[in-house]
Amino acid sequence: ASPDEEALVLAAAQVGIVLTHRSKTALTLTVYPELLGHVVGQNIVHGGGCGAVTSPGPNGSETPLAAQTLHYEVLQVLEFSSDRKRMSVVVRDQASSETLLVMKGADDKVLERLSSAHTSEAELARLH
């Protein structure tokens with residue numbers, strides 16, 4: 001994995017989305033809904049996998065957080081290139097059969113692809 005990819009995985013884990021398995025044909029995410037949108041620090045990731053994630057409970061006890069496991073089939077990987085300035089992965093949610101495109105890359109290339117009749121200039125500026 002590239003340093004950029006490792007940084008993305010760590011950043012996602014810090015807000016409650018943990019990559020728990022990745023192969024050429026599949027990936028699994030563990031999502032902690034209570035943590036989404038909150039930076040919780042690096043203690044959510046243990047040894048490249050997912051450890052027990054807890055929140056402070058009464059009297060100093062720790063309460064395990066509910067988690068949802070999401071499984072995706074990797075359909076296609078479009079590797080990063082200096083011409084494209086981005087990398088894309090097409091996956092299928094195994095529960096819903098929904099197909100998703102996940103992309104990372106240079107801001108101008110990603111924002112250019114987000115532009116549409118349904119995305120206002122203000123929303124694009126907020127995303128940037």
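In which strand is the place of Asp-93? Asp-93 belongs to strand 8, and this strand will recur throughout the account that follows. The model discussed here is predicted.

The overall plan comes before the details. The chain contains three helices and nine strands. Read from the N terminus, one helix is followed by the nine strands, and two helices close the order α-β-β-β-β-β-β-β-β-β-α-α. Of the 128 residues, 23% count as buried. The chain exposes about 8600 Å², of which carbon and sulfur atoms supply 55%. Among contacts with a separation of 6 or more, 36% are made by residues 24 or more positions apart.

The interior may be taken next. The largest nonpolar core has nine residues: Leu-27, Leu-29, Val-31, Leu-70, Tyr-72, Val-74, Met-87, Val-89 and Val-91. Strand 2 (26-31), strand 7 (68-78) and strand 8 (86-93) are the elements that each give two or more residues to this core. A second core, separate from it, has five residues, including Val-18, Tyr-32, Leu-35 and Leu-65.

Two members of the largest core show how its parts meet. Leu-70 is found in strand 7. Because the limit for a buried residue is under 20% relative accessible area, Leu-70 counts as buried at 19%. Beyond its neighbours within four places in sequence, Leu-70 is in contact with Leu-27, Thr-28, Leu-29 and Val-31. The C-alpha atoms of Leu-70 and Thr-28 are 5.6 Å apart, although 42 residues separate the two in sequence. Leu-27, for its part, touches Leu-70, His-71, Tyr-72, Val-74 and Val-91, among others, when residues up to four places away in sequence are left out. The contacts of Leu-27 also include Leu-19, His-21 and Arg-22.

His-21 leads to strand 1 (residues 17-22), where this residue lies. With a relative accessible area of 40%, His-21 is partly exposed. Outside the four places on either side in sequence, His-21 touches Ala-26, Leu-27 and Thr-28. The C-alpha atoms of His-21 and His-71 are separated by 9.1 Å, while the two residues stand 50 residues apart along the chain.

The charged residues of strand 8 deserve separate attention. The structure holds one salt bridge, which the side chains of Arg-92 and Glu-73 form at 3.4 Å, N to O. Arg-92 lies in strand 8 and Glu-73 in strand 7, so the pair ties together parts that are 19 residues apart in sequence. Both partners are partly exposed: Arg-92 has a relative accessibility of 32%, and Glu-73 has one of 31%.

What is the situation of Asp-93, which is buried yet has no salt bridge? The nearest side chain of opposite charge, that of Arg-92, is 9.1 Å away, whereas a salt bridge requires a nitrogen within 4 Å of a carboxyl oxygen. The side chain of Asp-93 does reach the backbone nitrogen of Ser-96, at 3.3 Å. Apart from residues up to four places away in sequence, Asp-93 touches His-71, Tyr-72 and Glu-98. Of these, Tyr-72 is a member of the largest nonpolar core.

Arg-86 also has its place in strand 8. At 12% relative accessibility, Arg-86 counts as buried. A polar atom of its side chain lies 2.9 Å from the backbone oxygen of Arg-84. Not counting residues up to four places away in sequence, Arg-86 touches Glu-79, Phe-80 and Ser-81, together with Met-103, Lys-104, Gly-105 and Arg-113.

The loops on either side of strand 8 complete the picture. Lys-85 lies in the loop between strand 7 and strand 8. Although Lys-85 is not a glycine, it has a positive phi of about 55°. This lysine, Lys-85, counts as partly exposed at 38% relative accessibility. Ser-97 lies in the loop between strand 8 and strand 9 (99-105). The phi of Ser-97 is likewise positive in a residue other than glycine, with a value near 65°.

Terms used
Residues numbered from 1 in each chain as written. Predicted model: local features only at pLDDT ≥ 70, side-chain atom pairs only at ≥ 80, totals over all residues. Heavy atoms only, no water. Helix = DSSP H or I, 4+ residues; strand = E, 2+ residues; numbered from the N terminus. Buried < 20%, exposed > 50% of the residue type's maximum accessible area, 1.4 Å probe, protein only. Contact = heavy atoms within 4.5 Å. Core = buried A, V, L, I, M, F, W, Y, C linked by side-chain atoms within 4.5 Å. Lys, Arg positive; Asp, Glu negative; His and termini not counted. Polar contact = N/O pair within 3.5 Å; in protein donor to acceptor, adjacent residues only side chain to side chain. Areas by Shrake-Rupley, 256 points an atom, 1.4 Å probe, with all protein chains shown as cover.
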